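Please look through the sequence and the 3D structure shown here before reading the report that follows.

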Amino acid sequence: MSNNPNLPHSSRARMKRLGPLALVLMIAALAAGCGGSKKPPTTAEWADGVCSAVNTWEDSLKSAAQPLTNGSVSKDSLQTAADDAESATKALKSDLKDLGKPDTQVGQQAQDQIDTLTTQLQTDVDTIKSAAEGASGVGGVTAAVTTATTTVSTMKTQVNATITSLKQLDAKGALATAFQQSSSCQKLKGSG
């Protein structure tokens with residue numbers, strides 16, 4: 001701080017006390033600027049991010065279901081598959097949440113549809129987990145596998161319906177174009 005002899009002693013003392021406070025405030029202001037709001041993704045980035053997350057989720061669901069297709073399903077393998085499906089769905093929810101909303105006039109509507117989808121998927125996973133936890137005996141395990149298989153099919157239908165709805169959301173067609181041009185979305189279409 002300044003030791004200007006022309007300042008009265010009380011002013012110099014006040015400046016010395018305010019110096020550290022001013023430094024802390026300046027650092028806080030700079031830090032706030034660094035972590036400020038992140039720019040929303042373009043429609044192309046957003047569509048690609050959605051499809052990429054869904055592709056990863058679908059691959060994880062296939063892996064989770066693998067032990068259920070070998071013919072010798074046990075309560076343990078069913079429970080493991082349910083846990084894996086839950087983990088995959090949590091990762092999908094997190095990935096979609098991290099994307100935020102696309103930089104378009106219908107961005108909030110698109111985000112709302114994604115939020116609705118993730119809520120539906122969580123409910124579906126809860127159904128699978130409940131069936132797995134409640135299964136007992138060969139008949140119970142078989143019934144739980146049927147519930148899990150049917151629910152996974154429902155989940156895929158919900159995802160496809162949401163993506164179709166997102167493509168139709170934007171009157172200008174920006175989202176539809178973004179979904180059509182995304183390489184991740186092309187892979188999603190191919191997986192049917």
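How many helices and how many strands does the secondary structure of the chain come to?

## Overall make-up

This is a predicted model, and its chain has seven helices and zero strands. Read from the N terminus on, the elements therefore follow the order α-α-α-α-α-α-α, each of them being a DSSP run numbered from that end.

The chain has 192 residues, of which 35% count as buried. If one takes the contacts between residues at least 6 apart in sequence, 75% of them join residues at least 24 apart.

## The nonpolar core

In soluble globular proteins, nonpolar side chains tend to be buried together. In this model the largest nonpolar core holds 41 residues, and those with the most contacts inside it are Trp46, Val50, Trp57, Leu78 and Phe179. Two or more residues of this core are given by each of the elements α2, α3 (75-99), α4 (107-134), α5 (137-169), α6 and α7 (183-191). The largest share comes from α5, which supplies nine residues.

## An aromatic pair

A pair of aromatic rings is described by the distance of the centres and the angle of the planes. The count here comes to one aromatic pair, formed by Trp46 and Phe179, with 6.3 Å from centre to centre and 85° between the planes. Because planes over 60 degrees apart count as edge-to-face, this pair is placed in that class.

Trp46 belongs to helix α2 (residues 43-65) and Phe179 to helix α6 (residues 174-181), so the pair ties together parts that are 133 residues apart in sequence. Are Trp46 and Phe179 buried or exposed? Both Trp46 and Phe179 are buried. When its neighbours within four places in sequence are left aside, Trp46 is in contact with a list of residues that includes Pro41, Leu99, Ile114, Leu166, Leu175 and Phe179 itself.

## How α3 packs with α4 and α5

Two packed helices are described by the angle between their axes and the distance between the axes. For α3 and α4, the axes come within 9 Å and cross at roughly 165°, which makes α3 roughly antiparallel to α4. The crossing of α3 and α4 is left-handed. Among the residues of α3 that take part in this meeting are Leu78, Ala82, Ala85, Leu92 and Leu96, while those of α4 include Ile114, Leu121, Val125 and Ile128.

For α3 and α5, the axes come within 10 Å and cross at roughly 20°. As angles under 35 degrees count as roughly parallel, α3 and α5 are therefore roughly parallel to each other. The crossing of α3 and α5 is left-handed. Here Lys75, Leu78 and Thr89 in α3 meet Val141, Ala144, Val145 and Met155 in α5. Leu78, which is listed in α3 for the meeting with α5, is also listed for the meeting with α4, and Leu78 is one of the residues with the most contacts inside the largest nonpolar core.

## Lys156 in α5

Lys156 is found in helix α5. Why is Lys156 called partly exposed? The relative accessible area of Lys156 is 29%, and because partly exposed covers the range between 20% and 50%, Lys156 falls into that class.

Leaving aside its neighbours within four places in sequence, Lys156 is in contact with Trp57 and Glu58. The C-alpha atoms of Lys156 and Leu121 are separated by 9.2 Å, although Lys156 and Leu121 are 35 residues apart along the chain.

Notes: Residues are numbered from 1 along each chain as its sequence is written. This is a predicted model: local features need pLDDT of at least 70, side-chain atom pairs count only at pLDDT 80 or more; totals for chains, interfaces and linings use all residues. Side-chain values use heavy atoms; hydrogens and water are left out. Rings of Phe, Tyr and Trp (its six-membered ring) pair if their centres lie within 6.5 Å; planes under 30 degrees apart count as stacked, over 60 as edge-to-face and the rest as tilted. Helices (H or I, at least four residues) and strands (E, at least two) are DSSP runs, numbered from the N terminus. Buried means under 20% relative accessible area, exposed over 50%, partly exposed in between (1.4 Å probe, protein chains only). A nonpolar core is a set of buried Ala, Val, Leu, Ile, Met, Phe, Trp, Tyr and Cys residues joined through side-chain atoms within 4.5 Å. Contact means heavy atoms within 4.5 Å. Axes are lines fitted to C-alpha atoms, for helices over the stretch in contact, and angles run from 0 to 180 degrees between N-to-C directions. Angles under 35 degrees count as roughly parallel, over 145 as roughly antiparallel, 65 to 115 as roughly perpendicular and the rest as oblique. A crossing is left-handed if the near helix is turned anticlockwise from the far one by less than a right angle, and right-handed if clockwise.
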